[in-house]
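Got your viewer open? Let's take a short walk through this one, from the whole chain down to a single helix and a hole.

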Amino acid sequence: MKKASDPKLTPKEKRTIIRRTLQAVNAADKGYIARDTAKYCMDLAGDFISIYLSALIVDGIAEGKPLWTLLCYAAIVVGIQTLLSVIQRFLFRRKETHQFARDTNLQKSLWQKVMTMDFYHLESTDMHNQYNRAAQQPTNRNGGIAAVCNYWKYLLGGGFMVITGVILIAPTAFRAPTAHEGFSWFVQSIWGFLTVIALAATLEMVKALVLNRKSTEIFANVQSDKDMIASRRVESFYNEYVLQHYQTGKEIRMYGQQSLVERELDRAQQTIITRWNQAFRKALTPNLLFQIMNILSRTLMYGFAVMRAASGILSPGEVIAFALYFEKISAGVSELSDAYGLLQTCPTFCKQYFDFLDIPDKSYQGTIPTEKRSDNEYQFEFHDVSFRYPGSNQYALRHINLRWNIGEKMALVGRNGCGKSTLIKLLCRLYEPTEGVITLNGINIYKYDYREYMALFSVVFQDSSLFAFSLAENVAADTEYDPARVENCLRRSGLGERLETLPHGIDTCLYKDFDESGVEISGGEAQKIMLARAIYKGAPFIILDEPTAALDPISEHDIYTKFNQIVGTRTAIYISHRLSSCRFCDQITVMEDGMIVQQGSHETLLAQDGTYQSLWYAQAEYYRHTAVDLYT
């Protein structure tokens with residue numbers, strides 16, 4: 001939502017945003033605007049036709065026309081109304097379908113942006129607020145993209161009503177007055193007609209451009225309120241990620257968290273209710289004045305029609321038609337002014353949608369293709385790299401100089417929080433170094449095409465996730481896959497025995513979010529599936545970032561040893577704070593406080609006085625005492 005510090009949009013900027021909004025809607029559902037406007041104008045045309053034919057019937061009765069003629073008029077009216085009703089019902093059903101397609105495809109653009117944007121944005125609270133604001137706009141009928149569609153339709157529909165009404169009412173407006181002077185002459189003359197039109201138009205313009213606009217701005221400010229945005233995020237989080245996820249049900253019940261969740265939801269919802277109540281109170285005066293002017297406009301319109309009828313210048317049918325045409329013209333003027341005024345407020349909201357899509361992504365600026373090498377001769381090197389997380393003044397990494405030799409098995413070890421995972425995030429272009437550069441075969445990694453560069457890596461992060469898809473789709477990370485290859489990777493990762501018990505083999509769905517027959521898997525099984533996913537990708541560079549941190553040291557060592565055999569001649573990095581798990585590596589890099597403090601083989605480092613030696617003996621002593629506690 002718009003912040004108080006945001007600059008106001010210029011008229012040119014507003015026009016540009018409205019144009020871009022209409023183009024985005026057309027791209028989301030081709031022809032949506034034209035179809036919706038045509039349907040609306042068809043509805044309006046049906047009203048004019050009914051008015052015209054109804055007036056013919058009334059005049060026919062007054063003139064004593066034959067019953068057969070009157071029945072024909074009535075049959076035409078009923079027939080046209082029936083036909084229009086059928087068409088409208090058909091178009092309404094199609095409109096609902098197309099509106100769903102419009103909203104879904106507009107939201108899809110946001111989802112695609114979230115899945116492809118630079119990773120560091122995802123850890124920003126401001127970005128999440130920005131996404132929340134953008135996600136509201138496709139369906140925001142008060143000021144977002146949905147509102148632009150409606151107001152644009154009303155703008156064109158208002159013009160259609162005014163032009164059609166003027167054309168139909170013109171024959172009665174320009175008749176020669178029967179009176180020659182005084183008020184009767186004025187009522188019958190074109191000048192009286194134009195005067196009433198001018199007064200009615202003025203009232204409608206004041207309603208739309210002053211009163212209605214004031215009311216709209218009040219409610220727009222409510223949606224822009226920072227507390228309102230934060231409360232909506234809280235409400236959405238608990239509804240979507242807590243209450244609707246069955247996995248959270250265990251913790252809520254075991255730890256009695258019902259009151260905690262309820263308090264947070266109540267606090268958020270109370271803020272939302274309070275802000276809306278404040279807005280309704282502020283909008284009370286302009287809304288009251290709006291209704292008063294609406295009554296004045298209608299009184300003026302009907303009063304003038306009655307006076308013209310009393311003066312004898314209109315027939316009975318024309319009196320009805322005149323009043324109703326006049327009302328349509330007035331409604332058209334109101335729609336024109338309303339739509340125009342409201343369209344001026346929409347760009348502020350629509351801009352939030354496009355601002356999110358326009359967030360620049362440095363990761364995708366590279367264009368150089370990565371070299372396709374059968375020998376996997378890829379050399380990565382850190383050149384005096386330092387890094388601070390966005391918004392932090394403290395360095396997470398300092399002066400890192402590191403090179404990976406091809407085919408080498410390297411371990412990154414150190415205490416929790418020493419910077420091991422951060423280093424890998426930089427290598428994978430999830431973050432950009434604050435200082436220094438990282439190169440692949442001597443070229444800055446940010447100059448390479450992003451997708452080709454990412455294809456070089458298979459990574460199992462310590463917080464890697466599996467989704468409620470089939471087992472095969474989780475391994476292949478795609479809906480299209482080689483079944484034999486998927487099964488082979490699962491067996492190589494050690495999941496062969498569990499695979500035999502699954503009801504549908506590799507097509508078995510994980511978890512029960514979307515499939516009641518889905519299976520729950522243990523933490524160890526999840527680790528093996530993620531290892532199988534890394535094997536399936538077949539990348540030349542493999543990274544295990546403490547994926548087994550929850551396992552005991554022996555189990556972790558077994559998994560690393562098995563995976564080391566699978567890796568073969570490919571380059572691999574093993575990250576762990578348990579030193580015993582990585583003894584088989586060619587080189588061990590020890591990190592402390594964001595810096596590299598030691599490098600060498602296990603035997604070399606253990607023989608030196610330093611961090612590695614102290615950590616090794618501390619861990620060995622811990623596990624020795626743990627074993628005594630367990631088995632004595």
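How much area does the protein chain expose, and what share of it do carbon and sulfur atoms supply? The protein chain exposes about 32500 Å², with 57% of it coming from carbon and sulfur atoms (Shrake-Rupley method, 1.4 Å probe).

Before you click on, note that this is a predicted model, where local features need pLDDT of at least 70, side-chain atom pairs count only at pLDDT 80 or more, and totals for chains, interfaces and linings use all residues. Residues are numbered from 1 along each chain as its sequence is written, and side-chain values use heavy atoms, leaving out hydrogens and water.

Switch to cartoon: the protein chain has 22 helices and 10 strands (DSSP runs, H or I of at least four residues and E of at least two, numbered from the N terminus). Of its 632 residues, 45% are buried (under 20% relative accessible area, 1.4 Å probe, protein chains only).

Now select residues 483-492, helix α17, and show Val486, Cys489 and Leu490, its buried residues. Looking down the axis of α17, you'll find them within an arc of 100° (taken from the directions from the helix axis to the C-beta atoms), so they line one face of the helix. Add α16 (471-476), α18 (496-501) and α19 (523-537), which are among what covers those buried residues (contact means heavy atoms within 4.5 Å).

Last stop: select Leu471, Leu495, Arg498, Leu502, Leu510, Ile521, Glu525 and Ile529, the lining of the second largest cavity (on a 1 Å grid over the protein atoms alone, points where a 1.4 Å probe fits but cannot get out; lining residues have an atom within 4 Å of a point). Its volume is about 40 Å³ (the space filled by probe spheres set on the points).

Methods
1 Å grid on protein atoms, 1.4 Å probe; cavity = no way out; pocket = protein on both sides within 12 Å on 5 of 7 lines; lining within 4 Å. Buried < 20%, exposed > 50% of the residue type's maximum accessible area, 1.4 Å probe, protein only.
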